[in-house]
Protein chains: 2
Amino acid sequence: MLPEPMQQALDHRKARAEGFAELRYLRVTDDFHATPRGTVLAGERLVYGYPHIGRILELETGLALQFEQPFWVEEKVDGYNVRVARLGERAVALTRGGFVCPFTTDRLADLADLRILDDHPDLVLCAEVAGPDQPYVAGHPPHVTEGVQLFAFDLMEVGRPGFLPAADRERLLSAYGLTRPQRFGRFAPADWRAIQALVQRLDRERREGVVMKEDSAADRRAKYVTASSCIDDIAAMVDNLLQLPPEYFTGRILRLALFLAEQGETGQPSARADLGRAFLDGLLGAIERFRHDHRVYRTHRCLFHDPANAHALMDHLRRAEGPVQVIQRGLTPQEDGWVLEFEKVYVGMTGLLGHLLRGGMVFD
Amino acid sequence: MLPEPMQQALDHRKARAEGFAELRYLRVTDDFHATPRGTVLAGERLVYGYPHIGRILELETGLALQFEQPFWVEEKVDGYNVRVARLGERAVALTRGGFVCPFTTDRLADLADLRILDDHPDLVLCAEVAGPDQPYVAGHPPHVTEGVQLFAFDLMEVGRPGFLPAADRERLLSAYGLTRPQRFGRFAPADWRAIQALVQRLDRERREGVVMKEDSAADRRAKYVTASSCIDDIAAMVDNLLQLPPEYFTGRILRLALFLAEQGETGQPSARADLGRAFLDGLLGAIERFRHDHRVYRTHRCLFHDPANAHALMDHLRRAEGPVQVIQRGLTPQEDGWVLEFEKVYVGMTGLLGHLLRGGMVFD
């Protein structure tokens, strides 16, 4: 018999069967009642999806309204979210959507010391994987200049939704010496000016932002991002302007405006030109690339130990990336493993630019 | 018995009954087979919707592909489209959507010399109404600095879809001395450099763009807009970022990029900063207005001869503007008529800013 949340999701076609190597598992494809998207069942082990964390767009009022107790402030790292858990015979890394990530799973031993899972096999390690050489996101934090790194920031437990209490999280992550996002200290809501100053510094350093976690049993949370991360996200994804939800762009423009409204122009003296540049240099680059290569694309490069995982990643991306075409360009043995190179071709932009640059019309 | 296109639209719930003063009519609400949205039936008189005109985004290839013969180039005026026809006892102005516009209809005698309809009662005069003092669009051409003006550019006939042939259009519009959009001459597709130079001048003058109409029985058409019109459209509507289709914004950014790609940077040396400014100054203004007035809104001002038409306009906008709240602020007699002042309140932006500036969170 399946655990009830998974049975219900299956009954409502909100769960699907998946596989990775010998592992068979079920994955919740959409939030369903209290069960988040990305919840996974393998054998009898249920790993809940990573909970949604709300975003505030004004610090002064947001901190006052969302927090009742002091909170820890840590860096929000620009990468992709994984949950690492022992499923089947080994530890695997689950994406936000609940797929086993063949890349992260292949590289787990390089990315983190997982003795914590040997000693506590029911823990789920929640982390951001960030860096230039990974298959998912286009940006990366300025302090990870090559490869990928893993930053652990939360613990969950197999079979339970939500996070381990703050005190346990602090004790365990420290005891096992896991690399964590930079932590900036413990603040009260009234300290919003100090957090403003901190965020302005992160903004100048082009870092993504902060996550605030209340130091209490309630574990209230909120995130807040910098102006530069809004601009960099737009620049990174404007090649795919036609197939990303347009709210991707409008949401970031609104965040940027609220950042400027609160922090003042000194925070981002060139925000207007930077925003325009993110859109236009990105699109002019896409047009240039189309003229040269007849397609709009971005190249990714990932190191694997086991080439079978590279093939599994290609299969995974072809399924999960929707209307983006994924083309393998090379899988080359090197001293430290196999380097996979592939392209994501933005077929919407490629098709429209082809039509328009040939002289085609649009009716809008 | 109804004419077949209207009967079919009605059968498929694509037509609705409407009224304006004593006039009763049916309006096609969505394109349905070959019958365009905005097609209207009053009594036995069927006025077809204004046909869709395609847009090219590159001049050199677009002109070569879309035109086989020389074409006339005329200004694309930044206003709203009307079809003026005799329905019932008098001439009325129909909006693109097929509503009788109470404002334009009230002011028809000021806007155009309609003897053309006295002599040819089955003609439909197609025109753009533009200027700062009208109820629909936020922008206006630089050469219409007060009130509204009507620019006639096409003729249709009651009971027939599509336009009157070019020669008849030219003869009739000239004969009755109707004000027309500025006409820039007759060009061949190979003259694209001359049209480029023309469009660059229009761009510097912050005019919207051009419509090209083939001087042939095929009457092929295409439109092309300037970079500055993309930027000005964004600036004009960013207050309503949340409730306009996001494609409103992403489409204009793409047009702007293709304009720059073809025309080069000399055409728009400050396009990047201008685009960023359109978004950010607009949103910072909306935030400021929200802090001051607790709502995000835009004020319109329209002159009427008959105050009953002002009330009819309010009723019409309340129905047609969807999620925008329309609030009448005044209806004041003046020497030349009645001045209606009203606000369009962008309830989506108002609600979200209220939530966020109070410190609320969003989950995205």
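**A walk from one valine to the whole pair**

Let's start small: A:Val225 sits in strand 13 of chain A, residues 221-225 (strands, E, at least two residues, and helices, H or I, at least four, are DSSP runs numbered from the N terminus). This is a predicted model, where local features need pLDDT of at least 70, side-chain atom pairs count only at pLDDT 80 or more, and totals for chains, interfaces and linings use all residues. Residues are numbered from 1 along each chain as written, chains are lettered from A and ligands numbered from 1 in written order, and side-chain values use heavy atoms, leaving out hydrogens and water.

Is A:Val225 buried or exposed? A:Val225 is buried, at 8% relative accessible area (buried means under 20%, exposed over 50%, partly exposed in between, with a 1.4 Å probe and protein chains only). Among the residues A:Val225 touches are A:Arg55, A:Cys230 and A:Phe259 (contact means heavy atoms within 4.5 Å).

Now hop over to chain B. The axes of helix 7 (residues 192-204) and helix 9 (residues 247-263) of chain B come within 12 Å and cross at roughly 125° (axes are lines fitted to C-alpha atoms, for helices over the stretch in contact, and angles run from 0 to 180 degrees between N-to-C directions). Residues meeting there include B:Trp192 and B:Val199 from helix 7 of chain B, and B:Phe259 from helix 9 of chain B.

Finally, zoom out. A 180° rotation with 0.0 Å of shift along its axis lays chain A on chain B, RMSD 0.0 Å (superposed by least squares on C-alpha atoms of residues with pLDDT of at least 70 in both). The two copies are thus related as by a two-fold rotation axis.

How values were computed
Lists of a residue's contacts leave out its neighbours within four places in sequence.
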